[in-house]
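Visitor: I am new here, and I would like to learn how the labels on a protein picture are earned. Could you walk me through it?

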Amino acid sequence: MSMPPVSQAPNPTPLYPWGVPPSPPEKSRVGLMTGIIGGVFLLIVALLATLVLVGKKIDSSYPRAESTLTAPGTLLDGHYKLAKDDSPTLGPSLEKSWRLSWDAKAVHGVVVAYHPSGGDRGELIVTGMYGRFRNTGEVRSRVLAGNGSRHTEVKVIVAPMDVTPSGSRIRVSCEEVTRSWADGKALSYPVCAWADGNTWARVAYMTVYTARSLDLESAARITLQIRSEMVKPIK
């Protein structure tokens with residue numbers, strides 16, 4: 001008795017010329033994943049190390065914090081007395097405006113007004129900051145450039161110029177502005193600014209000095225005296 005023939009699939013075509021490829025061993029997969037994770041971890045570590053080095057390099061480009069800007073009870077050998085200290089209220093806004101600056105770090109705002117001790121009318125207004133500053137020339141320019149931009153009633157009539165007194169290691173720039181009021185009154189007065197590694201300040205001479213035609217060179221000398229009385233070393 002003969003066996004029936006075994007049926008075969010017509011024209012079988014192999015999927016691969018050498019047969020079905022074997023699956024990778026389980027250990028090979030584990031090793032592959034371990035290698036990928038390890039590579040990513042090393043990349044993250046390298047990136048963090050680079051960021052730390054860049055941060056240290058940037059930080060080292062700022063001067064050390066050695067001085068602070070104070071608000072003494074009197075200025076200019078007692079000829080002006082402190083009338084108002086707006087640092088707690090206006091200081092934070094000033095700090096916020098400098099928060100994204102690449103030239104300022106760890107800043108604190110100081111906004112104070114002084115009145116003549118002898119009862120004369122007028123004000124001497126000091127707006128400044130203490131912290132760590134670099135590129136002080138650019139800082140000084142920014143301080144004066146923003147003097148009239150935020151207040152439509154203040155206009156610059158003499159552009160800022162370097163009027164550093166001879167022999168001073170601290171550079172001073174001054175400008176002349178005019179301020180108008182709603183009642184039609186107007187006042188022209190000098191504004192000076194200094195900037196060093198730890199402090200900057202803008203001094204507006206809206207005082208009796210204005211009536212005496214205080215020129216920019218004289219205002220610069222007075223500004224340096226104000227700086228000597230307001231800047232104190234950090235103890």
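Guide: Gladly! Let us start with a cut-off: a residue is buried under 20% relative accessible area, exposed over 50%, and partly exposed in between. Please keep in mind that this is a predicted model.

Visitor: Why is Arg171 called partly exposed?

Guide: Arg171 has a relative accessibility of 42%. Partly exposed covers values between the 20% and 50% cut-offs, so Arg171 counts as partly exposed.

Visitor: What makes Arg171 and Asp162 a salt bridge?

Guide: The closest N and O atoms of the pair are 2.8 Å apart. The cut-off is within 4 Å, for a side-chain nitrogen of Lys or Arg and a carboxyl oxygen of Asp or Glu, so the pair qualifies as a salt bridge. Asp162, at 38% relative accessibility, also counts as partly exposed.

Visitor: How many salt bridges does a search of the whole structure find?

Guide: Four. Among them is the one between Asp103 and Arg134, with the closest N and O atoms 3.9 Å apart. That value is within the 4 Å cut-off, so the name applies.

Visitor: What does the pair of Asp103 and Arg134 tie together?

Guide: Asp103 sits in the loop between α2 and β4, and Arg134 in the loop between β5 and α3, so the bridge links parts that are 31 residues apart in sequence. Both Asp103 and Arg134 are buried.

Visitor: Which salt bridge involves Glu153?

Guide: Glu153 meets Arg179, at 3.3 Å from N to O. Glu153 lies in the loop between α3 and β6 and Arg179 in strand β7, so parts 26 residues apart in sequence are tied together. Glu153 has a relative accessible area of 23%, which makes it partly exposed, and Arg179 is partly exposed with 23% as well.

Visitor: Now the helices. Why is α5 described as largely enclosed by the rest of the structure?

Guide: Eleven of its 15 residues are buried, so the description follows. Leu216, Ile222 and Met230 are among the buried ones.

Visitor: How do you know that the span of α5 agrees with what is expected?

Guide: At 1.5 Å a residue, the 15 residues of α5 should span 21 Å, and the end C-alpha atoms are 20 Å apart, which agrees.

Visitor: Which residue caps the N-terminal end of α5?

Guide: Asp215 does, with a side-chain oxygen 3.1 Å from the backbone nitrogen of Glu217. For the wider view, the protein has five helices and ten strands, and buried residues make up 34% of its 235 residues.

Note on methods:
Residues are numbered from 1 along each chain as its sequence is written. This is a predicted model: local features need pLDDT of at least 70, side-chain atom pairs count only at pLDDT 80 or more; totals for chains, interfaces and linings use all residues. Side-chain values use heavy atoms; hydrogens and water are left out. Helices (H or I, at least four residues) and strands (E, at least two) are DSSP runs, numbered from the N terminus. Buried means under 20% relative accessible area, exposed over 50%, partly exposed in between (1.4 Å probe, protein chains only). The expected span of a helix is 1.5 Å times one less than its number of residues. A polar contact is a pair of N or O atoms within 3.5 Å; within protein, one must be able to donate a hydrogen and the other to accept it, and residues adjacent in sequence count only if both atoms are side-chain atoms.
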